[in-house]
Amino acid sequence: MVLRRIRAGELTAEQPLPWPLYSQRNNLILSEGSVLAGEALEALVDLGLFVEATPLWQRPPHTPLQTVLHATARMAQLLAAPESQANFTAAIHHVVELIEQASRRNPAVLTATALLHRGGPSAARHAVNTACIVAIVLEAMQASDTSRRGILSAALTMNIGMHELHDALANQSGPLSALQQLIVTRHPTVGADRLAQLGVADPLWLRAVLEHHEAVDGSGYPQGLRGEQVSAAAQLIGLADLFCARVGERGYRDADDARLVLRDVLIERGRLFDGLQAAWFIRALGVYPIGTVVLLANGEVGVVSAHSGLVDAPWVHVLRARDGSAYEQPLQRETRITEFAIVDTLSPSSLPVEIDLAAIWGDDAADYPLGIPTLLDALPG
């Protein structure tokens, strides 16, 4: 179940609730049709009430955040039943265009969404997040439109050879079984073959899917390629895949902090990835990627919200005071000032409350509104 927090003003007191409401841990709090007085409603909203949000993602998007969520919903449908598409290639290209639209409007929101937004089917969310990060790097590299479309299509479909297992592994804490390990090892080959059967004819797309788990030192799979045998597109997707897997929260573990992941990318350059590919990746995302949770010298905790002219001193919006209390609205800090200097990076799970992306990035990060029409109007068909 994908939950979205109810915000002040989205529910009306003394009126029957149009949907059931839940706690952050998926426990039913109020049934559909419940009626609450104003004070009780305000108190519950402050504590945290959540609504099932996935049906909203079927609506036409109007903001970059909504566009990414809409792309996730569309990818969930495509991965679940790719053979049902009359033109699978065109359907994937449509999702690519959604990501490109969001990137053109506000690339910061794409990175922040990949790092901070939770919810959605695991395989689809990971595919879209990976494509969002790839789009940011390709823009920095000034890649051609033709290659961008092929590479982003590959990022979206890299795991089509293990789609069902990917969702299962998201909540599995134990080691892989022998069968699961076989599926994982074979999924690049199975994925490329399946895409060809679905009508994909772009050689860049197919090769990137086949090679996205290869390593330049020959330790990757399925072919054990070395050095320049591994395509640049496959390496970029592999980097983004690793990054998004690490910064994403899974059922059995918290997300890693983004700067720690980038440090590991630096360590692995020349072994898993070509040094130039790793350099472009870090240059595009920055030393502190947008959406990174940070601790400041004055004890405040916040989120990197924009890059500045200094690579180690980005703009930060603080969400929590030194005593642990939450600010009513995020406050912007200039981290080149000693008092507000970044002293550590943290996992997003260090923030006990859901982050309202729109409070930091404005209307471009506005989620789908609830309101009327109700969720039923958003259901497909």
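Where does α8 bend, and by about how many degrees? Look at H187: α8 bends there by about 55°, the bend being the angle between axes fitted to the seven residues ending there and the seven starting there. A proline, P188, follows within four residues. Keep in mind that this is a predicted model, where local features need pLDDT of at least 70, side-chain atom pairs count only at pLDDT 80 or more, and totals for chains, interfaces and linings use all residues. Residues are numbered from 1 along each chain as its sequence is written, and side-chain values use heavy atoms, with hydrogens and water left out.

Now follow α8 along its length. This helix (a DSSP run of H or I, at least four residues, numbered from the N terminus) covers residues 178–197. Its 20 residues reach 27 Å from first C-alpha to last, close to the 28 Å expected at 1.5 Å a residue, where the expected span is 1.5 Å times one less than the number of residues. After α8 comes G199, with a positive phi near 100°.

Which residues of α8 are buried? They are Q180, V184, H187, P188, G191, A192 and L195, where buried means under 20% relative accessible area with a 1.4 Å probe, protein chains only. An α-helix has 3.6 residues a turn, so residues three or four places apart point the same way. The cover over the buried residues of α8 includes α3, α6, α7 and α9, judged by contact, that is, heavy atoms within 4.5 Å.

Notes. Helix = DSSP H or I, 4+ residues; strand = E, 2+ residues; numbered from the N terminus. Buried < 20%, exposed > 50% of the residue type's maximum accessible area, 1.4 Å probe, protein only.
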